Amino acid sequence: DAEGLLRIKEENQKHYRRAQRHQEKKEKIQRHNRKLGDLVEKKTYDLKTQYEHLANLRRMHILELTSVIFPIEEVKTSMRDPADVSSESDNAMTSSTVSKLAEARRTTYLSGRWVCDDHNGDTSISITGPWITLPNNGDYSAYYNWVEEKKTTQGPDMEHNNPAYTISAALCYATQLVNTLSHILDVNLPKKLCNRQFCGENLSRHRFTRAVKKLNANILHLCFSQHVNLDLLHPLHTLRNLMYLVSPDTENLGR
């Protein structure tokens, strides 16, 4: 029994010495982890600072781009409310009919339902100058109507002020701006759309509407990436969405 007790004491001493070594190793690992934690915290702060600096640079480049090369502004139109015109032409028209006409003017049929559109017809959005505008309500039917009419009409086109020209020019500039913003913000666009898509040849209605949908999808994707207020966006308002994206009031522009 005395020999067995002695062996047990020796084993206990070995375990005790091993436990001490393990404790020292544990403390060493904890010190190393604390150093790594401090280093990671410092690197995280430096990275956050670099991100903020990069965001400010991106923001500065975008604001310079949209103020010098691609200015986007809201242009008021002199279009009168059809309810007012109708009421002047027909004194017997009831007030309910006038209000219904005004309400119909402020609504847009979208995705199987009628949605309110307070800006419908009142304004247009210009890009690169007040003479190149897009309808605010996203109705670009003037372009493919002109293309279809041109197919049936022979002879040179003498209408230099045709709205189809301004629509194609505005969409072309918008495409160039979106592709440039994608490069500056380092955001991959979901749809591939080249800069010359809307210029050159006369696009058919199917190809034109398909290209417009791609452009609108890319613009919305950029707006989502920069955390633009969703209440301001409309899937058909091409230049208005772009205007909200590059606005100086967009807090997260450049993130």
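Which pattern does the protein chain follow when read along the sequence? In this predicted model, the order of elements is α-β-α-α-β-β-β-β-α-α-α-α. The protein chain holds 7 helices and 5 strands.

**Overall organisation**

The protein chain has 255 residues, and buried residues make up 32% of them. Among the contacts in the protein chain with a separation of 6 or more, 62% join residues that stand 24 or more positions apart in the sequence.

**The largest pocket**

The largest pocket encloses about 290 Å³ of space. Its lining consists of 13 residues, and those nearest the centre of the pocket are Gly-138, Thr-209, Val-212, Lys-213 and Leu-236. Two elements, α4 (141–152) and α6 (205–225), each give two or more residues to this lining. The largest share comes from α6, which supplies 6 residues. By residue class, the lining of the largest pocket comprises 7 nonpolar, 4 polar and 2 charged residues.

**Cysteines**

The structure contains 0 disulfides. For Cys-172, the nearest cysteine sulfur belongs to Cys-199 and lies 3.9 Å away. A disulfide requires two cysteine sulfur atoms within 2.5 Å, and Cys-172 is accordingly in no disulfide. Cys-172 is nevertheless buried, with a relative accessible area of 9%. Cys-223 is likewise buried, at 0% relative accessibility.

**Asn-241 and its surroundings**

Helix α7, which spans residues 238–245, includes Asn-241. Is Asn-241 buried or exposed? The relative accessibility of Asn-241 is 2%, so this residue counts as buried, the term being applied under 20%. The side chain of Asn-241 reaches the backbone oxygen of His-234 at a distance of 2.6 Å. His-234 also appears among the residues in contact with Asn-241 when neighbours within four places in sequence are left aside. The other residues in that set are Ile-219, Leu-220, Cys-223, Leu-232 and Leu-233. Asn-241 is therefore a buried residue in contact with Cys-223, itself buried at 0% relative accessibility.

The table below gathers the accessibility values for the residues discussed above.

| Residue | Relative accessible area | Class |
|---|---|---|
| Cys-172 | 9% | buried |
| Cys-223 | 0% | buried |
| Asn-241 | 2% | buried |

**Summary**

In this predicted model, the protein chain combines 7 helices with 5 strands. The largest pocket draws the largest share of its lining from α6, and the structure holds 0 disulfides. Asn-241, in helix α7, is buried, and its side chain reaches the backbone oxygen of His-234.

Note on methods
Residues numbered from 1 in each chain as written. Predicted model: local features only at pLDDT ≥ 70, side-chain atom pairs only at ≥ 80, totals over all residues. Heavy atoms only, no water. 1 Å grid on protein atoms, 1.4 Å probe; cavity = no way out; pocket = protein on both sides within 12 Å on 5 of 7 lines; lining within 4 Å. Points joined across faces, edges and corners; volume = space filled by probe spheres on them. Helix = DSSP H or I, 4+ residues; strand = E, 2+ residues; numbered from the N terminus. Nonpolar A, V, L, I, M, F, W, Y, C, P; charged D, E, K, R; others polar. Buried < 20%, exposed > 50% of the residue type's maximum accessible area, 1.4 Å probe, protein only. Polar contact = N/O pair within 3.5 Å; in protein donor to acceptor, adjacent residues only side chain to side chain. Contact = heavy atoms within 4.5 Å.
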